[in-house]
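This report covers strand pairing, helix packing and salt bridges in a single model. The sequence and structure are shown first.

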Amino acid sequence: MGMGDVYKVMVTFNTGVEHVDDVDGEWKTTRQATRAIERLCHGPMAKMGLISEVKAVNPLDLVVFHARKGDNGRLAMVRA
């Protein structure tokens with residue numbers, strides 16, 4: 001696994017608390033990161049409105065995925 005093949009997934013709760021998702025470890029493969037993003041954006045906590053933001057960053061701290069809660073209360077991808 002090279003440096004570009006791992007990601008850290010971070011979640012911000014509606015309380016403002018930011019947490020690194022450490023299910024499967026802090027640094028994740030592409031497959032693990034994709035599963036974490038799916039779980040955090042579409043799982044029970046997102047449906048209950050507890051999550052306000054999900055981000056994935058690479059080892060250079062560049063954001064490679066970003067979703068934020070919109071006016072409708074659902075998480076949606078942020079486009080640059």
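Two strands are taken to pair if DSSP finds at least two bridges between them. The model described here is predicted.

## Strand E4 and its partners

Strand E4 covers residues 51–57, and 6 of its 7 residues are buried, so the strand is largely enclosed by the rest of the structure. E4 pairs with strand E5 (residues 63–69) through 5 bridges, and the two run antiparallel. Within this pairing, Ala56 stands opposite Phe65 in E5. E4 and E5 form a hairpin with 5 residues between them. In the turn of this hairpin, Asp61 has a positive phi of about 65°.

E4 also pairs with strand E1 (residues 7–13), again in the antiparallel sense, over 6 bridges. Here Val11 is the residue that stands opposite Val54 in E4.

## Helix H1

Helix H1 comprises 13 residues, from 30 to 42. At 1.5 Å a residue the helix should span 18 Å, and its end C-alpha atoms are 18 Å apart, so the expected and modelled values agree.

The buried residues of H1 are Gln32, Ala33, Ala36, Ile37, Leu40 and Cys41. Viewed down the helix axis, these buried residues fall within an arc of 150°, so they line one face of H1. An α-helix has 3.6 residues a turn, so residues three or four places apart point the same way. The buried residues of H1 pack against several elements: strands E1, E3 (27–28), E4, E5 and E6 (75–77), together with helix H2 (44–47). Both E4 and its partners E1 and E5 are therefore among the elements that the buried residues of H1 contact, with contact meaning heavy atoms within 4.5 Å.

## Salt bridges

Side chains of opposite charge can pair when their charged atoms come close. With a limit of 4 Å between a side-chain nitrogen of Lys or Arg and a carboxyl oxygen of Asp or Glu, the count comes to 5 salt bridges.

Which residue does Asp21 form a salt bridge with? The partner is Arg39, and the closest N and O atoms of the two are 2.9 Å apart. This pair links distant parts of the chain, with Asp21 in the loop between E2 and E3 and Arg39 in helix H1, 18 residues apart. Asp21 has a relative accessible area of 5% and is buried, whereas Arg39, at 37%, is partly exposed. Asp21 and Arg39 also belong to a network of salt bridges that includes Lys28.

A salt bridge also joins Arg35 to Asp24, at 3.8 Å from N to O. This pair too links distant parts of the chain: Arg35 lies in helix H1 and Asp24 in the loop between E2 and E3, 11 residues apart. Arg35 is partly exposed at 46% relative accessibility, and Asp24 is partly exposed at 45%.

The side chains of Glu26 and Lys8 meet in a further salt bridge, with an N to O distance of 3.0 Å. Glu26 is in the loop between strand E2 (18–20) and E3, while Lys8 is in strand E1, so that the pair links distant parts of the chain, 18 residues apart. Lys8 is buried, with a relative accessible area of 17%, which falls under the 20% limit for burial. Glu26, at 39%, counts as partly exposed.

Conventions
Residues are numbered from 1 along each chain as its sequence is written. This is a predicted model: local features need pLDDT of at least 70, side-chain atom pairs count only at pLDDT 80 or more; totals for chains, interfaces and linings use all residues. Side-chain values use heavy atoms; hydrogens and water are left out. Buried means under 20% relative accessible area, exposed over 50%, partly exposed in between (1.4 Å probe, protein chains only). Helices (H or I, at least four residues) and strands (E, at least two) are DSSP runs, numbered from the N terminus. The expected span of a helix is 1.5 Å times one less than its number of residues. The arc is that of the directions from the helix axis to the C-beta atoms.
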